[in-house]
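Please look through the model shown here, starting from a single side chain and working outward to its surroundings.

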Amino acid sequence: DIEARDGMRLHEVVPPHKWCVTRADLQQFRLLVQKFVAERRIEPTARDGFDPSDDTIGPCIHTVNQQLIKPVTKNAGGMSWALMLHPDGLECDVFVTHCWQEGIYEFIDK
């Protein structure tokens, strides 16, 4: 479990270039998304009619953001997912971007 912290304060004291996650964090995140889908805590929407039984593409990042990331980070104190996991920040050596309409499993598995 993640303890509640002052998310706004973390964003003030940790420099943006340290708001990072690791490859292992992404792999754990994939498992969490799968769990939320199985528990129907992430569900298809009018915008994203993903197939809950699909393990290749998954829900789009819009859906994951609305139904998992925002509620979890709000309860943890309002910080980004990266600072929730690593409140002191991390050194980043690779920058990766994604398409918001892309499936989360597809993105993580690339």
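Phe-29 touches Val-64, Leu-68, Ile-69, Trp-81, Ile-104 and Ile-108, leaving out residues up to four places away in sequence; contact here means heavy atoms within 4.5 Å. The model is a predicted one, in which local features need pLDDT of at least 70 and side-chain atom pairs count only at pLDDT 80 or more, while totals for chains, interfaces and linings use all residues. Residues are numbered from 1 along each chain as its sequence is written, and side-chain values use heavy atoms, with hydrogens and water left out.

The predictor's confidence in each residue is given as pLDDT, from 0 to 100. The protein chain has a mean pLDDT of 95, with 96% of its residues at 70 or more. Among its elements, helix α2 has the highest mean, 98, and helix α1 (residues 7-13) the lowest, 92. Helices are DSSP runs (H or I, at least four residues), as are strands (E, at least two), and they are numbered from the N terminus.

Phe-29 also belongs to the largest nonpolar core, a set of 20 residues in which Phe-29, Val-33, Ile-42, Leu-68 and Ile-104 touch the most other members. Helices α2, α3, α4 and α5 each supply at least two residues of this core. A nonpolar core is a set of buried Ala, Val, Leu, Ile, Met, Phe, Trp, Tyr and Cys residues joined through side-chain atoms within 4.5 Å. Buried means under 20% relative accessible area, exposed over 50%, and partly exposed in between (1.4 Å probe, protein chains only). In soluble globular proteins, nonpolar side chains tend to be buried together.

Thr-73 is in helix α3 and counts as buried because its relative accessibility is 8%. Apart from residues up to four places away in sequence, Thr-73 touches Gly-78, Met-79, Ser-80, Trp-81 and Met-84. Met-84 lies in helix α4 and is buried, with a relative accessible area of 2%. The C-alpha atoms of Met-84 and Ser-53 are 29 Å apart, with the two positions 31 residues apart in sequence numbering.

The loop between α2 and α3 holds Arg-40 and Glu-43. Arg-40 counts as exposed because its relative accessibility is 65%. Phi of Arg-40 is near 60 degrees, a positive value in a residue other than glycine. Most residues other than glycine have a negative phi. Glu-43 is partly exposed, at 39% relative accessible area, and is in contact with Phe-50, Thr-63 and Gln-67, its neighbours within four places left aside.

In the loop between α1 and α2 is His-17, which counts as exposed at 53% relative accessibility. Beyond four places in sequence, His-17 is in contact with Leu-90 and Cys-92. His-17 and Asp-93 are 76 residues apart in sequence, and their C-alpha atoms are 9.9 Å apart.

Which residues lie nearest the centre of the largest pocket? They are Trp-19, Cys-20, Val-21, Leu-26 and Val-96, out of 30 that line the pocket. A pocket is an open set of points on a 1 Å grid over the protein atoms alone, where a 1.4 Å probe fits, with protein on both sides within 12 Å along at least five of seven lines; lining residues have an atom within 4 Å of a point. The largest pocket holds about 1,100 Å³ of space. Its lining takes at least two residues from each of α2 (23-38), α3 (61-76), α4 (81-85) and α5 (104-109), and α2 gives the largest share, four residues.

Conventions. Grid points are joined across faces, edges and corners, and a volume is the space filled by probe spheres set on the points.
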